[in-house]
Amino acid sequence: PHPITTPGGAAIGRGRSQLSVPGSIGSMVDRDDSPMAEMFTLFPHESAVVMQRGIELGIVCSCMLVAHCVKLVYQFWLSEVLGDRILRFLCLVRIACAVPRPYFWIRTRRLFVQARYQPTPQLVTQRLLDIYAHPFGVERALLLAYYGWLVVITAAVCISSWYVESLFAQLIW
């Protein structure tokens, strides 16, 4: 199979892609061939803009969801029903996990903005691939914790609704 070559000269191979950045130390950088790597190579500036806007949209949506959890915790703070106490605890866990996320959002957004302003498309691609390949470890852990939280909260709401009609469970759903 023949590699795909962009107008800027970057080559995307089948199976493994190689990004050639003229004038850099170690001019060939091996990258796993993935749809993201191909998109970054073929459309570097557009990809940087999309990734930056995706972070910004994610910030807004996540803040709204955390605000919803805060509202529910406040609204049901005095409830002594066991199901409400469990849901309140799970919401507090969600809120606690969300506290450090703005730091990582700002840093990641800044990296995408910096990538957009690289002087050549090849350097933009290299920066995007580096950002994509090396996410912040704590941010990844928080994201995995969030996915786990979604599974647990879904199970808790379903189980709660089987045994007791709970306004908290209805509002969190």
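Biologist: I159 sits in helix α6 (residues 137–163), so why is I159 called partly exposed?

Modeller: Its relative accessibility is 41%, and partly exposed is whatever falls between buried (under 20% relative accessible area) and exposed (over 50%), using a 1.4 Å probe and protein chains only. So I159 counts as partly exposed. Mind you, this is a predicted model: local features need pLDDT of at least 70, side-chain atom pairs count only at pLDDT 80 or more, and totals for chains, interfaces and linings use all residues. Residues are numbered from 1 along each chain as its sequence is written, and side-chain values use heavy atoms, with hydrogens and water left out.

Biologist: What makes R53 and E56 a salt bridge?

Modeller: Their closest N and O atoms are 3.0 Å apart, and the rule asks for a side-chain nitrogen of Lys or Arg within 4 Å of a carboxyl oxygen of Asp or Glu. Both lie in helix α2 (residues 44–75), three residues apart, about one turn.

Biologist: And how do you know that R109 pairs with E56?

Modeller: There the closest N and O atoms are 2.7 Å apart, so R109 and E56 form a salt bridge. R109 is in helix α4 and E56 in helix α2, so this pair ties together parts 53 residues apart in sequence.

Biologist: R101 and E139 also form a salt bridge, at 2.9 Å from N to O. Why are R101 and E139 called buried?

Modeller: R101 has a relative accessible area of 12%, so R101 is buried. E139 comes in at 15%, so E139 counts as buried too.

How values were computed: Helices (H or I, at least four residues) and strands (E, at least two) are DSSP runs, numbered from the N terminus.
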